[in-house]
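User: Please take a close look at one part of this model and describe how that part sits within the whole.

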Amino acid sequence: MFQGMPLAGAQGGGIVSLIVPLVLMVAIFYFLMIRPQNKKQKQRNSMLSQLKKGDKIVTIGGLHGTIAEITDDVVVLRVNDVTKLTFDRNAISTAVARETAVE
């Protein structure tokens with residue numbers, strides 16, 4: 001008569017056994033995906049804030065140039081002696097090097 005009925009103690013263990021893997025998955029996602037992404041974003045923001053006139057950079061489109069003018073949100077790049085292009089500061093991918101002889 002009582003063979004088909006679950007025990008009261010078995011129900012509590014079932015909830016814990018469902019929560020523990022969920023907590024482990026959240027922890028794994030945090031340490032493998034969210035934390036490294038936040039660290040990379042912090043490094044990028046630091047790099048963008050340290051840019052100065054004369055720095056050689058590469059844009060997200062692959063254009064190489066030297067910073068001729070820089071404001072809070074706009075960067076003017078000198079591509080060659082004649083050509084200057086205006087970009088948004090967020091369009092800068094990496095800073096390659098600093099030019100030694102600034103004009």
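User: I am interested in the hairpin with 5 residues between its strands. Which strands form this hairpin, and what does Thr-59 contact, leaving aside its neighbours within four places in sequence?

Analyst: The hairpin is formed by β3 and β4, with 5 residues between them. Strands here are DSSP runs of E with at least two residues, helices are runs of H or I with at least four, and both are numbered from the N terminus. The model is predicted, so local features need pLDDT of at least 70 and side-chain atom pairs count only at pLDDT 80 or more, whereas totals for chains, interfaces and linings use all residues. Residues are numbered from 1 along each chain as its sequence is written, and side-chain values use heavy atoms, with hydrogens and water left out.

Strand β3 covers residues 74-78 and strand β4 covers residues 84-88; the two pair in the antiparallel sense over 5 bridges. Pairing requires that DSSP find at least two bridges between two strands. Within this arrangement, Leu-77 stands opposite Leu-85 in β4.

Leu-77 also links the hairpin to Thr-59, a residue of strand β1 (residues 55-59). Leaving aside its neighbours within four places in sequence, Thr-59 is in contact (heavy atoms within 4.5 Å) with Leu-77, Phe-87, Ala-91, Ile-92 and Ser-93. Thr-59 counts as buried because its relative accessibility is 5%; buried means under 20% relative accessible area, exposed over 50%, and partly exposed in between, with a 1.4 Å probe and protein chains only.

Among these partners, Ser-93 lies in strand β5 (residues 92-98). Ser-93 counts as partly exposed because its relative accessibility is 33%. Not counting residues up to four places away in sequence, Ser-93 touches Arg-44, Met-47, Val-58, Thr-59 and Ile-60. Ser-93 and Ile-60 are separated by 33 residues in sequence, yet their C-alpha atoms are 4.9 Å apart in space.

As for the whole, the protein has 1 helix and 5 strands, which follow the pattern α-β-β-β-β-β along the sequence. Buried residues make up 19% of its 103 residues. Of the contacts between residues at least 6 apart in sequence, 40% join residues at least 24 apart.

A search of the whole structure finds 1 aromatic pair. This pair joins Tyr-30 and Phe-31 edge-to-face, at 5.1 Å centre to centre and 80° between the planes. Rings of Phe, Tyr and Trp (its six-membered ring) pair if their centres lie within 6.5 Å; planes under 30 degrees apart count as stacked, over 60 as edge-to-face and the rest as tilted. Tyr-30 counts as partly exposed at 39% relative accessibility, while Phe-31 counts as exposed at 52%.
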